[in-house]
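Hi,

Here is the structure I promised to pass on. Please open it first, then read my notes below.

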Amino acid sequence: MSHVIAIDGPAAAGKGTLSRRIAEEYGFHHLDTGLTYRATAKALLDAGLPLDDEAVAEKMAREVDLYGLDRSVLSAHSIGEAASKIAVMTAVRRALVEAQRAFSRKEPGTVLDGRDIGTVVCPDATVKLYVTASREVRAKRRYDEIVSGGGTADYAAIFEDVKKRDERDMGRVDSPLKPAADAHLLDTSEMSIEAAFRAAKTLIDAAL
Ligand code: C5P
């Protein structure tokens, strides 16, 4: 059986960077499952379809190509917002989870990151990490990212946004964001990317 490394956590906790680093280190395939929700949301927005029609959204979810996901066309704030709205729908989640599970079986191993990987998508994952950081730190990281990219940002607005996203992701009935009982907690509030990677590697090496 191939190895699965499950990485969950709230928005802007640093899961993406960490997951890519880990996948590279172990030569595993990587899937950012947030992009599957974003791609579904973008397809609905582009087609001018409503975000609250479960049957329509499910149909779009079934058409998402897991191998054609590109964060650069899915990163818009409006797409993230729309993604978290359609992510509350059970039929959408069922369709995307099926595709994500199929991906997780690729050899020699996979890294999946998202909100419900350790709890729902891959409950038998080899290693589960729950990556988090304080809300202030996550908002500051997102702020710095925008500013260093030459954009302008409003810290207070970003903080409110992170809070709203947390509430929606943690408060939904189907597959709410929470650590799996057997997940290792990794709080990166006071850690550099490098330190977080080394901590994760120690945990993974012990389990493989
Ligand atoms: O991680 P990212 O911000 O790209 O995810 C966008 C949205 O997709 C999240 O706010 C969340 O609502 C949803 N999502 C989810 N389950 C996952 C990954 C993302 O519900 N496994």
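The axes of α2 and helix α5 (residues 90-104) cross at roughly 130° and come within 10 Å. That angle makes α2 oblique to α5. Their crossing is right-handed. From α2, the residues in contact are T36, Y37 and T40; from α5 they are V92, L96, A99 and Q100. By class, this contact has 4 nonpolar residues, 3 polar and no charged. Bear in mind that this is a predicted model.

A second helix pair is α7 and α8. Helix α7 (residues 135-148) packs with α8 at about 125°, and the axes are 9 Å apart. That makes α7 oblique to α8. This crossing, too, is right-handed. In α7, look at R135, R138, A139, R142 and Y143. They meet Y155, I158, F159, V162 and K163 in α8. The residues of this contact divide into 6 nonpolar, 4 charged and no polar.

Now the sheet. It is open and has 5 strands, in the order β2-β3-β1-β4-β5. The pairing is parallel. Which strands stand at the edges? They are β2 (29-32) and β5 (184-187). Each has a single partner strand, so one side of each is left without a neighbour in the sheet. From one strand to the next, the twist averages 20°.

At the β5 edge, strand β4 (residues 127-132) is joined to β5 by 4 bridges. These two strands run parallel. V131 is a handy marker here: it stands opposite L186 in β5.

Helix α1 (residues 15-26) packs on the sheet. It touches β1 (3-8), β2, β3 (109-114) and β4. The direction of α1 makes about 180° with that of β3.

Last, the ligand. How many residues surround it? The count is 14. The closest are G34, Y37, S84, A87 and G114. Three elements give two or more residues to this shell: α2 (34-46), α4 (77-86) and α8 (155-171). The shell divides into 4 nonpolar, 5 polar and 5 charged residues.

Two links are worth a look on screen. Y37 is among the closest residues to the ligand, and Y37 also meets α5 in the contact with α2. Helix α8 gives two or more residues to the ligand shell, and α8 also packs with α7.

Best wishes

Terms used
Residues numbered from 1 in each chain as written. Predicted model: local features only at pLDDT ≥ 70, side-chain atom pairs only at ≥ 80, totals over all residues. Near = placed C-beta within 6 Å. Nonpolar A, V, L, I, M, F, W, Y, C, P; charged D, E, K, R; others polar. Axes fitted to C-alpha atoms, helices over the stretch in contact; angles between N-to-C directions. Parallel < 35°, antiparallel > 145°, perpendicular 65-115°, else oblique. Left-handed = near helix turned anticlockwise from the far one by under 90°. Contact = placed C-beta atoms within 7 Å. Pairing = 2+ DSSP bridges.
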